[in-house]
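Student: I have this structure open in my viewer and would like a close look at one part of it. Could you walk me through the open sheet and tell me what sits around it?

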Amino acid sequence: MNEKFKLKLESLIDSINLNVSFSVNIIENKSFIYEILSDDNLLYSDSIKVSYGNYNFDKKFSFHSNNITNNIVTKITPIG
């Protein structure tokens, strides 16, 4: 699986918007878990199933600023 990530962070008074964009090139049917963490605290998790091909995923997230630090990590973990 090949992937490319693009993150854009926008800070507001009481919330932080995170625009996430990534593309993957899948060579076989696959499931994976997509996670967003801040200092090892899980902010978002979703499972995604894809078939062979190229996919683009774009999503905007909004989190309360008390839940976010400067250490934001996104992870894709294959299932099975």
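Tutor: Happy to help; we will begin with the whole chain and then go into the sheet strand by strand.

First, a word on what you are looking at: this is a predicted model. The mean pLDDT of the chain is 82, and 84% of the residues reach 70 or more. Confidence is highest in strand S4, with a mean of 91, and lowest in strand S1, residues 2-11, with a mean of 58. Where pLDDT is low, the predicted coordinates should not be read in detail. Please keep that in mind when your eye wanders to strand S1, where the mean is 58.

Now the overall layout. The chain has six strands and zero helices, so from the N terminus on you will read β-β-β-β-β-β. Of its 80 residues, 29% are buried. If you look at contacts between residues at least 6 apart in sequence, 60% of them join residues at least 24 apart.

Let us turn to the sheet itself. Three strands form an open sheet in the order S4-S3-S6, and their pairing is antiparallel. Strand S4 (41-50) and strand S6 (72-79) are the edges: each has a single partner strand, so one side of each has no neighbour in the sheet. From one strand to the next, the twist averages 20°.

Follow the S3 and S4 pair first. Strand S3 covers residues 30-38, and nine bridges join it to S4, with the two running antiparallel. You can pick out individual partners here: Phe32 has Ile48 of S4 as its bridge partner, and Leu37 stands opposite Leu42 in S4. The hairpin of S3 and S4 has two residues between the strands, and in it Asp39 takes a positive phi near 50°.

On to the S3 and S6 pair. These strands also run antiparallel, and eight bridges join them. A good place to see this is Tyr34, which stands opposite Ile76 in S6. As you click along, remember a general pattern: in a regular strand the side chains alternate between the two faces of the sheet.

There is also a charged pair to find between these two strands. Side chains of opposite charge can pair when their charged atoms come close. Here Glu35 forms a salt bridge with Lys75, and the closest N and O atoms are 3.7 Å apart. The pair links distant parts of the chain, since Glu35 is in strand S3 and Lys75 is in strand S6, 40 residues apart. The count for the model comes to one salt bridge. How accessible are the two partners? Glu35 has 16% relative accessibility, under the 20% cut-off, so Glu35 counts as buried. Lys75 has a relative accessible area of 38%, which lies between 20% and 50%, so Lys75 is partly exposed.

Two serines of strand S3 are worth a stop as well. Ser31 lies in S3, and its C-alpha is 5.6 Å from that of Ile48, although the two are 17 residues apart in sequence. Leaving out residues up to four places away in sequence, Ser31 touches Ile48, Lys49, Pro78 and Ile79. Ser38 is in strand S3 too. With a relative accessible area of 1%, Ser38 is buried. Again leaving out residues up to four places away in sequence, Ser38 touches Leu43, Asn67, Ile68, Thr69 and Asn71.

To finish, let us step over to a serine in another strand. Ser62 is found in strand S5, residues 53-64. At 51% relative accessibility, Ser62 is over the 50% cut-off and therefore counts as exposed. Along the chain Ser62 and Leu18 are 44 residues apart, yet their C-alpha atoms are separated by 6.2 Å. Beyond residues up to four places away in sequence, Ser62 touches Ser15, Ile16 and Asn17. With Asn17 there is also a polar contact between the side chains, at 3.0 Å.

Terms used:
Residues numbered from 1 in each chain as written. Heavy atoms only, no water. Pairing = 2+ DSSP bridges. Helix = DSSP H or I, 4+ residues; strand = E, 2+ residues; numbered from the N terminus. Axes fitted to C-alpha atoms, helices over the stretch in contact; angles between N-to-C directions. Buried < 20%, exposed > 50% of the residue type's maximum accessible area, 1.4 Å probe, protein only. Contact = heavy atoms within 4.5 Å. Polar contact = N/O pair within 3.5 Å; in protein donor to acceptor, adjacent residues only side chain to side chain. pLDDT = per-residue confidence, 0-100. Salt bridge = Lys/Arg side-chain N within 4 Å of Asp/Glu carboxyl O.
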